[in-house]
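Dear colleague,

Please find the structure below, handed over for you to look through. My notes on what was found in it follow.

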Amino acid sequence: MLEASNVYLPLDAALPSCAGMAQAELAHALGIRYADITSWKFSKLSVDARRKNDVHFTASFVFEVADQEIEEALAGKRTKTKIQVKRHVPYEGYRVGEWLGGDARPIVVGMGPAGLFAAWALAKSGAAPIVLERGEDVDARMASVSSFKEGGALNPESNVQFGEGGAGTFSDGKLTTNIKNPRCRDVLHIFAQAGAPEEILWEGKPHIGTDKLVNVVKTMREQIIAWGGEVRFGARFEGMEFEDGRIVAVRGSQRQEDGTREKFVLPASDVVLACGHSARDVFDRVRNAGLLMERKPFAVGVRIEHPQKLIDKAQYGNAAGHPALGAADYKMAVHLRNDRSVYTFCMCPGGEVMCSASELGGVVVNGASRHARNGRNANAALLVNVEDRDLRGDDVLAGVKLQRRMETAAYRAAGESYKAPAQRVGDFMASAGKFNRSQSEHRSRLEVEPTYARGVEWVDLNQVLPPFVARSLHAAIPLFNGRIRGFSDPNAVLTGVETRSSSPVRIVRDKATCQALFSQTTDCGLKIADESAGVAAASHTAEGEPIAGGFYPCGEGAGYAGGIMSAAVDGLRVAEAIIASYE
């Protein structure tokens with residue numbers, strides 16, 4: 001079996017009904033006959049839209065030929081058209097070591113992508129993990145999210161941020177990442193084996209979609225249970241206990257049917273903390289327990305909405321609307337003269353702006369798409385980087401406080417009803433003296449109906465956003481228009497506020513073992529802020545920092561990931577570290 005890459009493929013050839021055309025293009029590129037190819041499938045398919053008059057796919061194929069001599073001649077071939085041919089190495093599946101920890105059952109806190117994959121790998125090894133998830137199972141969670149979107153009360157324990165699958169369940173389900181980790185391939189295959197569309201294995205920009213993620217997450221949970229694991233929904237993490245520098249117990253409370261909560265303490269030798277970026281109460285508990293935390297870069301801003309057809313035309317030219325292409329996306333960034341960076345994030349083609357609050361009295365927006373990406377609007381976050389000078393004092397959780405101030409300001413500006421504050425781009429720019437709406441009104445033919453389900457309140461976002469955010473957006477929006485024509489159209493809609501793109505803190509861990517570190521040392525051992533911790537001594541890193549043995553910060557909330565793929569990879573990595581610690 002061989003693999004050929006960098007094959008030019010016309011758009012029609014990527015349609016399921018045109019498989020013969022794709023095979024013909026492959027044969028032509030290789031310089032062999034159509035009949036010489038006995039079977040083939042895509043291993044990569046990416047859109048090349050750099051020239052709008054020649055939008056096409058660049059494809060990689062896994063294929064077989066009928067003749068051994070032809071195979072030998074092709075293997076290692078590099079043609080004049082830069083097509084490369086090599087022996088194909090089949091995927092052998094994710095391999096995890098055998099659990100040698102005896103009866104010790106690892107505890108995984110949180111069931112977002114990081115916690116889900118950590119628990120999945122631990123269960124596969126035979127470790128029988130216990131998963132504590134504060135929110136509901138994905139079916140009940142869907143009902144809670146739908147109720148809130150339709151005007152019902154916010155459930156602070158189960159919402160777009162909390163519950164089975166984490167924040168990623170209500171997103172576009174993007175599986176793109178900038179990391180170059182071999183586990184990325186494992187994550188894609190694990191998702192596909194759990195019911196995700198097979199094309200995620202070969203699409204250049206794979207995505208699952210929030211509608212399909214629901215069943216994928218549920219299937220992975222069922223696998224964890226089938227392998228001996230246990231999943232407890234409505235179980236809130238409320239602290240941990242250490243002895244001699246090692247974790248010995250986890251404290252929490254379990255939601256009861258009557259709405260009350262029952263306290264519990266679980267003995268623990270290994271704990272994975274995969275709490276997600278919105279578990280602010282967990283950040284407080286980690287700091288109070290004396291673990292080392294630090295501020296990390298993050299960004300805040302708004303969502304911008306355009307008609308999807310505008311984005312399709314801007315990205316694909318006359319090829320827009322071709323059935324092989326689907327809805328177009330974009331990803332942009334600019335560095336401003338004030339040394340700020342503004343960038344688009346989590347772009348959702350054909351998606352909606354989500355009601356993403358998780359705390360009472362705050363408004364948060366995010367974006368989501370179904371797998372088909374067939375909604376009328378495109379939306380993306382417009383984010384501005386936050387610097388130390390933007391934060392008050394030296395509190396490690398100062399970033400959380402900034403997020404909360406913005407969310408509270410948005411809630412108040414929109415009438416304290418969980419509507420979202422919104423403004424059209426033309427008005428936003430004009431109110432800051434950057435745009436003359438009356439002169440440009442005639443140029444706009446866009447009709448953009450906001451998709452935020454609870455409705456929007458038209459306000460002046462310049463009075464809602466921190467000044468450094470508003471000023472940076474004023475400067476960046478015209479620059480983005482230079483890359484996507486119509487981006488700064490006066491009728492495009494801005495909706496606020498987007499504050500949960502990433503965690504503003506990192507729970508520092510040892511690079512070699514992935515275990516957390518304590519924040520303060522003395523000659524006598526460890527000094528811990530939480531009196532219940534009871535630490536007397538601990539092992540140390542090579543640099544001298546004391547290790548919180550058996551306690552593993554993981555994923556996006558702990559500051560080690562930035563999306564579904566990187567969080568899932570980190571979950572696998574931490575699970576492997578725990579398994580290896582017993583070998």
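**Helix 5, helix 6 and the cores**

Helix 5 is followed by Gly195, whose phi is positive, near 110 degrees; helices (H or I, at least four residues) and strands (E, at least two) are DSSP runs, numbered from the N terminus. This is a predicted model, in which local features need pLDDT of at least 70 and side-chain atom pairs count only at pLDDT 80 or more, while totals for chains, interfaces and linings use all residues. Residues are numbered from 1 along each chain as its sequence is written, and side-chain values use heavy atoms, with hydrogens and water left out.

Of the 11 residues of helix 5, 8 are buried, so this helix is largely enclosed by the rest of the structure, where buried means under 20% relative accessible area (1.4 Å probe, protein chains only). Among them are Cys184, Leu188 and Phe191, and the buried residues of helix 5 pack against helix 3, helix 6 and helix 13.

Helix 6 (residues 210-226) reaches 25 Å from its first C-alpha to its last, and its buried residues include Leu213, Val217 and Ile224. Just after helix 6, Gly228 takes a positive phi of about 105 degrees.

The largest nonpolar core (buried Ala, Val, Leu, Ile, Met, Phe, Trp, Tyr and Cys residues joined through side-chain atoms within 4.5 Å) has 87 residues, and Phe63 and Leu465 have the most contacts inside it. The largest share of this core, 7 residues, comes from helix 12 (residues 467-481). A second, separate core of 49 residues includes Phe191 and Met565.

With best wishes

Definitions and conventions: Buried means under 20% relative accessible area, exposed over 50%, partly exposed in between (1.4 Å probe, protein chains only). The expected span of a helix is 1.5 Å times one less than its number of residues. Contact means heavy atoms within 4.5 Å.
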